[in-house]
Amino acid sequence: MFVDSHCHLDRVDLSPHQGEFSRLMAATAAAGVTHLLCVSIDLPRYPAMRALVDPYPQVAVSVGVHPNEGSAADPEPTVEDLVRLAADPRNVAIGETGLDYFRSEGDVEWQRARFRTHIAAARACAKPLIIHTREAREDTIRILREEGADQVGGVLHCFTEDWAMAKQGLDLGFYVSFSGIVTFKTAASLREVAAQVPLDRLLIETDSPYLAPVPHRGKSNEPRYVPQVAACIAALRGLPVEELARATSENYFRLFGVERIVCSPASA
Ligand SMILES: [Zn+2]
């Protein structure tokens with residue numbers, strides 16, 4: 001059993017599945033991926049995303065606005081907006097949120113304010129945070145500390161930073177999640193970090209439809225490729241893939257308080 005702890009199911013290319021979401025989900029189940037977390041990146045498209053996954057109890061959802069989404073013209077999400085949407089029983093987290101200085105120019109104080117709003121919402125509803133961080137190490141850790149994010153914890157998702165940052169996140173009670181990037185030829189230093197994160201704080205994800213792992217690199221990513229991420233990290237750590245899969249699944253259930261829904265095997 002594998003868990004994809006971070007994917008954007010409403011953005012996956014359905015053309016390999018005859019355009020049908022149900023076929024994508026059947027292929028996911030057939031690959032042994034039993035649970036998924038479908039992550040929100042904006043509020044205007046949130047209702048459609050939520051409706052799409054509704055028939056699939058193995059899919060949990062988060063609510064949040066990605067640091068690169070929206071423009072100055074859009075209203076910023078409020079703590080109240082996020083808390084209200086997170087009251088949904090299918091919701092298990094706030095995010096994805098964080099800081100991305102790579103794709104933003106100029107004054108990004110608005111990004112920091114939005115990040116603080118998400119942490120306040122997570123604290124208000126006692127749910128973990130899904131953190132995106134890129135070229136913003138110091139500010140990400142500083143704001144997590146200033147806003148008391150250690151009270152709710154969460155995950156540093158699609159981790160691409162160094163061990164020093166992983167350690168700071170772990171010290172705040174966060175988990176660290178690796179995507180298919182860990183399989184890329186150029187990612188040797190990231191593999192060292194993935195080998196070092198304690199097994200009980202490790203998560204795996206696809207971040208579909210982005211970042212397909214080797215050997216699917218360049219194609220639209222899908223949750224059914226998460227076993228490749230597991231296999232890569234298991235090999236690094238000298239573990240059987242089943243053990244890595246079991247540990248990362250347990251971690252997912254523990255962090256997000258997800259019930260183990262027993263899914264019937266794919267019929268299609
Ligand atoms: Zn994402």
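This section describes the confidence, the zinc site and the nonpolar cores of a predicted model.

The mean pLDDT of the protein chain is 94, with 96% of residues at 70 or more. Over residues 264-268, pLDDT stays under 50, and the model has four contacts beyond four places in sequence for this segment. Where pLDDT is low, the predicted coordinates should not be read in detail.

The zinc ion is coordinated by two histidines and two acidic residues: H6 and H8, each through NE2, E96 through OE, and D207 through OD. The distances from these donors to the zinc ion run from 2.1 to 2.4 Å. Along the chain, the donors follow the spacing H-x1-H-x87-E-x110-D. H6 belongs to strand β1 (residues 2-7) and E96 to strand β4 (residues 91-100), so this pair ties together parts that lie 90 residues apart in sequence. Ideal angles at a metal are 109.5 degrees for four tetrahedral donors. A tetrahedral assignment requires all angles to lie between 85 and 135 degrees. The angles subtended by the four donor atoms around the zinc ion span 85 to 178°, and the arrangement is therefore irregular. Two of the ligands were examined for burial: H6 has a relative accessible area of 1% and is buried, and E96, at 2% relative accessibility, is buried as well.

In soluble globular proteins, nonpolar side chains tend to be buried together. The largest nonpolar core of the model contains 61 residues, of which L9, L129, F159, F178 and I233 touch the most other members. Helix α8 (residues 226-237) gives the most to this core, contributing six residues. A second core, separate from the largest one, has 15 residues, including L37, A60, F253 and V258.

With residues up to four places away in sequence excluded, I233 touches F178, V182, A194, L202, I204 and L244. V229 is located in helix α8 and is buried, with a relative accessible area of 0%. Beyond its neighbours within four places in sequence, V229 is in contact with F178, S179, G180, V182, I204, E205 and P213. F178, V182 and I204 thus appear in the contact lists of both I233 and V229. One of the contacts of V229, G180, is 49 residues away along the chain, and the C-alpha atoms of V229 and G180 are separated by 5.5 Å.

Technical notes. Residues are numbered from 1 along each chain as its sequence is written. This is a predicted model: local features need pLDDT of at least 70, side-chain atom pairs count only at pLDDT 80 or more; totals for chains, interfaces and linings use all residues. Side-chain values use heavy atoms; hydrogens and water are left out. A nonpolar core is a set of buried Ala, Val, Leu, Ile, Met, Phe, Trp, Tyr and Cys residues joined through side-chain atoms within 4.5 Å. Buried means under 20% relative accessible area, exposed over 50%, partly exposed in between (1.4 Å probe, protein chains only). Helices (H or I, at least four residues) and strands (E, at least two) are DSSP runs, numbered from the N terminus. Contact means heavy atoms within 4.5 Å. Donors are N, O and S atoms within 2.8 Å of the metal (3.2 Å for Na, K and Ca); water is not among the atoms, so sites may look incomplete. Four donors count as tetrahedral if all angles lie between 85 and 135 degrees; four count as square planar and six as octahedral if opposite donors are over 155 degrees apart and all others between 65 and 115; anything else is irregular. pLDDT is the predictor's confidence in each residue, from 0 to 100.
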